[in-house]
Amino acid sequence: MSNNASQGKIEIDRVHIRLGAGKQEFEALQDVSISVAPGEFVCILGPSGCGKSTLLGALAGHLAPSQGSVRVDGLPVSGPHPDRGLVFQHHTLFPWKKVVENVAFGLKMKGIPRRQRLQQAHDLLKLVGLEGFENVYPGQLSGGMQQRVEIARVLINHPRVMLMDEPFGALDAQTRLKMQELLLEVWARIQTSIVFITHDIDEALFLADRILVMSPRPGRIIEEIPLEFARPRNAELLTSSRFTQLKRHCMALLHPGAHVAPLERLSPLGAVPASLLQFAI
Ligand SMILES: Nc1ncnc2c1ncn2[C@@H]1O[C@H](COP(=O)(O)OP(=O)(O)OP(=O)(O)O)[C@@H](O)[C@H]1O
């Protein structure tokens, strides 16, 4: 399965989003501009409540910007569409349908004949490592396996972009790493653009071509960090010195008041005490 590599260009141009009503109204996103190239993997990293999900909501077409524009392949985003596949932390599978039918559901909606859609669903389940689990119900699967089904369910629509909102946030650390590796394998095959929301620095550094760091509310993009780590990536990367260096830099960005050394000048000891690294954001 492959995607048209020229598809999936995202342009978010000077977007502001206001949420709430009356006296409670506030600016959730302030002047956010992001450009994602076709096939690029971008992680949005930011503290809790900074507006990451709001940004994804605008990309998904669930929220309209109060100012600015959101475009995918040149077309304005005006509502949800299967071209923009969404994967959340919580599961959206139909518990009463078998796994293969959950995955095939998007094609059913398009009127694709049963035999053809089940074949595609089987192929995708194989791609996400769930061969042999086609005929069980979601409730019989572990959390990680259910997330694999979610990914297959989105991929069956051949999305131009995948929008992922902390999809592995509820998984234990080991399963999470396995899922990250799986996602990278799948992405290498399908070449869809991915915008992946996380507040986990390790996850962002492990997955992305580029990290965009957001400020606390109102959310703005405060730094762009291109990642030069070679692909394919594996768990060894997590202990490399450059990874640790970048992790310290991200920690400093996410903790206002901490000194942020320019990346090229970071020493192996970095700008942030090692003791800070143990804290989650
Ligand atoms: N419908 C809404 N009405 C009012 N406020 C909202 C609404 N949705 C979100 N908010 C608030 O807007 C801000 C941004 O929320 P958002 O969920 O986008 O942040 P986030 O960065 O994804 O947070 P987290 O990492 O905790 O999921 C938060 O302060 C949140 O409480």
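What percentage of the 281 residues of the protein chain count as buried? In this predicted model, the figure is 38%. The chain is built from seven helices and 10 strands. Among contacts between residues at least 6 apart in sequence, 69% join residues that are at least 24 apart.

An unreviewed UniProt entry lists residues 10-241 under "domain: ABC transporter". Over residues 10-241, helix accounts for 31% of the chain and strand for 26%. The end C-alpha atoms of this stretch are 32 Å apart.

The account of the strands may begin with E1 and E2. Strand E1 covers residues 10-19 and strand E2 covers residues 26-36, and the two pair in the antiparallel sense over seven bridges. Two of the bridge partners can be named: isoleucine 10 is matched with valine 36 of E2, and glutamate 11 with serine 35 of E2. Six residues lie between the strands of this hairpin, in which glycine 20 takes a positive phi near 80 degrees.

E1 and E2 also belong to an open sheet of four strands, ordered E2-E1-E4-E5, with antiparallel pairing. E2 and strand E5 (75-76) stand at the edges of this sheet, and each has a single partner strand, so one side of each is left without a neighbour in the sheet. In general, strands of a sheet pair through backbone hydrogen bonds, either parallel or antiparallel.

Serine 33 offers a local view of strand E2, in which it is placed. Is serine 33 buried or exposed? Serine 33 is exposed, because 12 other C-beta atoms lie within 10 Å, and a residue with 12 or fewer such atoms counts as exposed. Leaving aside residues up to four places away in sequence, serine 33 touches Ile12, Asp13 and Arg14. Serine 33 and isoleucine 12 are 21 residues apart along the chain, yet their C-alpha atoms are separated by 5.0 Å.

The helices can be approached through H4, which comprises residues 143-155. At 1.5 Å a residue, its 13 residues should span 18 Å, and the end C-alpha atoms are 19 Å apart, which agrees. H4 is mostly covered, with 10 of its 13 residues buried. The buried positions are Gln146, Gln147, Arg148, Val149, Glu150, Ile151, Ala152, Arg153, Val154 and Leu155. What covers them includes both helices and strands: helix H2 (99-109), helix H3 (114-127) and helix H5 (173-190), together with strand E6 (84-88) and strand E7 (161-165).

Helix H2 can be considered from its own side as well. The residues buried in H2 are Val99, Val100, Asn102, Val103, Ala104, Gly106 and Leu107, and the buried residues of this helix pack against H3 and H4. Glycine 111 follows H2 and has a positive phi, near 80 degrees.

The last region to examine is the surroundings of the ligand. Here 13 residues surround the ligand, and the closest are Ser48, Gly49, Lys52, Ser53 and Thr54. Which helix gives the most to this shell? Helix H1 (residues 52-60) does, with three residues. By residue class, the shell divides into eight polar, three nonpolar and two charged residues.

Definitions and conventions. Residues are numbered from 1 along each chain as its sequence is written. This is a predicted model: local features need pLDDT of at least 70, side-chain atom pairs count only at pLDDT 80 or more; totals for chains, interfaces and linings use all residues. A residue is near a molecule or strand if its C-beta atom, placed from the backbone, lies within 6 Å of it. Ala, Val, Leu, Ile, Met, Phe, Trp, Tyr, Cys and Pro count as nonpolar, Asp, Glu, Lys and Arg as charged, and the others, Gly among them, as polar. The expected span of a helix is 1.5 Å times one less than its number of residues. A residue is buried if 20 or more other C-beta atoms lie within 10 Å of its own, exposed if 12 or fewer, and partly exposed in between; C-beta atoms are placed from the backbone. Two residues are in contact if their C-beta atoms, placed from the backbone, lie within 7 Å. UniProt positions are given in the numbering used here, feature names are shortened, and annotations may be inferred rather than shown by experiment. Two strands pair if DSSP finds at least two bridges between them.
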